[in-house]
Amino acid sequence: MIHPHYIDAAAVPEKKRYGGFHSVIITVAIVMKKAYNLTEGDIMAFEKTDVRSIDFNPVTMFADNWALLSGKVGDKYNSMTVSWGALGELWGKDVLICFVRPQRYTYEFTENGEYFSLSFFKSECKKELSVFGHKSGRDTDKYKETGFTPVVDGEFEYCGEADFVFLCRKIAFQDMNPDGFIDKSIENNYANKDYHRTYVGEILSVLKKV
């Protein structure tokens with residue numbers, strides 16, 4: 001879905017770029033006040049930070065607080081809530097690993113796009129994240145329904161209300177194979193045999209809310 005009231009980060013004059021990605025500060029001014037019931041003074045600001053320097057517990061952020069996985073292809077994008085994921089080192093790269101079932105609308109974007117983002121939030125955002133998890137972007141404008149703000153930044157889309165945003169380049173995928181489930185109770189997650197596709201993303205940049 002093309003959102004009619006997104007923020008185009010590339011149009012913000014305060015933004016400075018480095019190698020096509022973020023340098024020190026990104027400031028996104030919210031001007032779509034009618035769509036989001038905001039004033040012109042509302043500002044979302046992020047700064048680039050090193051993944052090794054952040055105070056970030058991935059188990060808490062994924063399992064307890066949840067996150068938004070976003071993909072973008074052309075001028076279209078979609079976001080969905082995830083509570084499964086992994087953060088670490090693989091093949092000499094800092095990586096994020098996420099999982100998408102094939103029937104999800106976001107699957108079309110993670111499949112056809114080269115990049116994806118993960119937006120992480122404080123626990124008080126779970127009401128809004130429930131909308132992103134239970135409704136489909138095929139027929140629902142989830143950003144408008146929740147009041148969250150999509151930020152379109154080059155090849156990426158992410159949520160302006162996030163506390164941390166990981167910008168990733170897709171470097172590998174692998175489908176879940178039930179033959180590899182040593183613990184047979186894992187199969188209980190797949191009553192419809194809709195096994196996740198696993199995506200490995202190289203972390204290109206991490207943004208922290210200022």
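**Entry 1: strand pairing**

I began by fixing a term: two strands count as paired if DSSP finds at least two bridges between them. I also noted that this is a predicted model. With that in hand I looked up strand β13 (residues 164-175) and strand β14, and I found that eleven bridges join them and that they run antiparallel. I then turned to β9 (residues 93-100), which is joined to β14 by six bridges, again in an antiparallel arrangement.

I wanted one residue of β14 to follow through these pairings, and I chose Val200. Which residue has Val200 in β14 as its bridge partner? I found that this is Ile97. Ala172 also stands opposite Val200 in β14. Is strand β14 mostly covered or mostly open? I noted that ten of the 13 residues in β14, which spans residues 197-209, are buried.

**Entry 2: the chain as a whole**

I then stepped back to the whole protein chain, whose secondary structure comes to five helices and 14 strands. The chain has 210 residues, and buried residues make up 46% of them. I looked up its accessible surface, which comes to about 10,700 Å², and carbon and sulfur atoms account for 52% of that surface. Among the contacts with a separation of 6 or more, 71% are between residues 24 or more positions apart.

**Entry 3: helix α3**

I looked up helix α3 (residues 105-112) and listed its buried residues, which are Tyr105, Thr106, Tyr107, Phe109 and Thr110. What do the buried residues of α3 pack against? I recorded β6 (67-73), β7 (76-82), β9, β13 and β14.

**Entry 4: nonpolar cores**

The largest nonpolar core has 21 residues, and in it Leu69, Leu118, Phe120 and Phe166 touch the most other members. The elements that give two or more residues to this core are α2 (58-65), β6, β7, β9, β10, β13 and β14. I followed Leu69 further and, leaving aside its neighbours within four places in sequence, I found it in contact with residues including Met80, Val82, Cys98, Val100, Thr106, Thr110 and Leu118. Two of these, Thr106 and Thr110, had already appeared in my list of buried residues of α3. Apart from the largest core lies another core, of 19 residues, among them Tyr115, Val152, Ala162 and Val165.

**Entry 5: aromatic rings**

I searched for aromatic pairs, and the structure holds 14 of them. Why does the pair of Phe121 and Phe148 count as stacked? The ring centres of Phe121 and Phe148 are 5.5 Å apart and their planes stand at 5 degrees, so the pair is stacked; the cut-off for stacking is planes under 30 degrees apart. This pair links distant parts of the chain, since Phe121 sits in the loop between β10 (115-120) and α4 (126-134) while Phe148 sits in the loop between α5 (142-146) and β11 (150-153), 27 residues apart. Phe121 has a relative accessible area of 1% and is therefore buried, and Phe148, at 5%, is buried as well.

I checked a further pair, Phe181 and Tyr190, whose ring centres are 6.0 Å apart and whose planes are at 20 degrees, so this pair is stacked too. Phe181 and Tyr190 are both buried. Finally, I noted a cluster in which ring pairs link Phe56, Phe62, Phe120, Phe164 and Phe166.

**Entry 6: cysteines**

How many disulfides does a search of the whole structure find? I recorded zero disulfides. For Cys125, which is in no disulfide, the nearest cysteine sulfur is that of Cys159, 7.8 Å away. Cys125 counts as buried because its relative accessibility is 14%, and the cut-off for buried is under 20%. For Cys168 the closest cysteine sulfur is in Cys98, at 7.5 Å, which is too far for a bond. I also noted that Cys168 is buried, with a relative accessible area of 0%.

**Entry 7: Ala86**

My last look-up was Ala86, which lies in strand β8 (residues 86-90). Is Ala86 buried or partly exposed? Its relative accessible area is 30%, so I wrote down that Ala86 is partly exposed. Leaving aside its neighbours within four places in sequence, Ala86 is in contact with Phe62, Val95, Leu96 and Ile97. The C-alpha atoms of Ala86 and Cys98 are separated by 6.8 Å, and these two residues are twelve residues apart along the chain.

Key. Residues numbered from 1 in each chain as written. Predicted model: local features only at pLDDT ≥ 70, side-chain atom pairs only at ≥ 80, totals over all residues. Heavy atoms only, no water. Buried < 20%, exposed > 50% of the residue type's maximum accessible area, 1.4 Å probe, protein only. Helix = DSSP H or I, 4+ residues; strand = E, 2+ residues; numbered from the N terminus. Phe/Tyr/Trp six-rings, centres within 6.5 Å; stacked < 30°, edge-to-face > 60°. Contact = heavy atoms within 4.5 Å. Areas by Shrake-Rupley, 256 points an atom, 1.4 Å probe, with all protein chains shown as cover. Disulfide = S-S within 2.5 Å. Core = buried A, V, L, I, M, F, W, Y, C linked by side-chain atoms within 4.5 Å.
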